[in-house]
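Visitor: Could you walk me through reading cavities and cores in a model like this one?

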Amino acid sequence: MALVMLGMASCGNNKAKEMITTESFGTFEGKDIFLYTLTNKNGDFIRLSNYGAVIVEINVPDRNGKRDNVTFGYDTFEGYANGDLYFGKVVGQYANRIAKGKFSLDGVEYTLALNNGPNTLHGGPTGWHSRAWDAEVLKGTDFPAVKFTYHKSDMEEGFPGHVVAEVVYTWTDDNEIIMDYKVTTDKNTVINITNHAYFNLHGAGVGDILDHEALIRASAFTPVDSTLIPTGEIRPVEGTPFDFRTPHLIGERIAMDYDQLVLGGGYDHNFVLDNVEPVDAEVYDPSTGRLLEVITDQPGVQLYTGNFLNGTQTGRGGKVYNYRTGFCLETQHFPDSPNQSAFPSVVLTPEEPFLSSTTFRFSVR
Ligand code: GAL
């Protein structure tokens, strides 16, 4: 489909190079789907869409100034509508897994659709990643910013409450994507929201990520069973291949005969963040010099090393995404928290909105 330029806006400070352009990207259930390009003063740019509140592209330089897109995406809206691996999407109402699609709240048992073996994954088959969100280009902001809003009806996908979810994406001159989330409800419910971007700091579709060096400021992680549901154990990372408190190549220990790596098919686990240093996790690519830093107020982060990627997804520019060619750092509450009373609470009440912020910052070293 030909892209039609619909609008151009420079933001509050009127720096000519910092702007947002809006193009048509398709329609879904009668709603217009747009593709937004946010450019900062460096000329670096990201693309977003209101289908699934998705990050489509992140174009940032390597240490020689060569700009590449470092996140997985599709060329067309149809790619997003058909793709089932959540590239760049916002997932909710409950990111990650809920065991057997059941949980109880205030004495009522709720049943969700199963879409991942015996479990519910990422809000179910028609979770927030697969919905058309309302979109607004924000005016008067210091940096280009777009707000996406989704109104979820009561019991949609089995979750109680009319829920309103907002995510504001801001693209700063320091090459930071700041994601500010706000979620409200009219009835007690559960919430876990994240962005599911896959990264490859060589450039999306260029080799695997086993040679990327990761640092995760987490002293413990949550081991899983064979269906990737936490067992309830909080296991110290000390002495395990899950100790990323000092940098390690992702591939260094991934093939070790360690129970959790075998069960996960690699890393596909929630790390219990220490939340003490300003930066919670970093991934560095020695070959390009690109560095991704992740900053969050959430208690956990899922390191997923693309173990289910198998080359069936063709992404932007015809790039094929093979096994372990992308990693995700999904900032979150712990998986299956509604069924794990010892985990931090994920209950959202009408009295108090859920407010959270996660930043992906790109630079070179
Ligand atoms: C991740 C999850 C993986 C896999 C992936 C999507 O968040 O931890 O197990 O389901 O999403 O393919």
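Visitor: How many cavities of 30 Å³ or more does the count come to?

Guide: A cavity is a set of points on a 1 Å grid over the protein atoms alone where a 1.4 Å probe fits but cannot get out. Points are joined across faces, edges and corners, and the volume is the space filled by probe spheres set on them. Here the count comes to one cavity of 30 Å³ or more, and the largest has a volume of about 40 Å³. This is a predicted model: local features need pLDDT of at least 70, side-chain atom pairs count only at pLDDT 80 or more, and totals for chains, interfaces and linings use all residues. Residues are numbered from 1 along each chain as its sequence is written, and side-chain values use heavy atoms, leaving out hydrogens and water.

Visitor: Which residues line the largest cavity?

Guide: Lining residues have an atom within 4 Å of a point. Those of the largest cavity are N96, R97, V224, L228, P230, D268, H269, N270, Q302 and P335. Strand β22 (residues 268–273) gives the most, with three residues; strands are DSSP runs (E, at least two residues), numbered from the N terminus.

Visitor: And which residues touch the most other members of the largest nonpolar core?

Guide: A nonpolar core joins buried (under 20% relative accessible area, 1.4 Å probe, protein chains only) Ala, Val, Leu, Ile, Met, Phe, Trp, Tyr and Cys residues through side-chain atoms within 4.5 Å. Among the 57 residues here, I177, I216, F360 and F362 touch the most other members. Strand β14 (residues 163–171) supplies the largest share of this core, five residues. Apart from this core lies another, of 20 residues, including F25 and Y80.

How values were computed
On a 1 Å grid over the protein atoms alone, a cavity is a set of points where a 1.4 Å probe fits but cannot get out, and a pocket is an open set with protein on both sides within 12 Å along at least five of seven lines; lining residues have an atom within 4 Å of a point. Helices (H or I, at least four residues) and strands (E, at least two) are DSSP runs, numbered from the N terminus. Buried means under 20% relative accessible area, exposed over 50%, partly exposed in between (1.4 Å probe, protein chains only).
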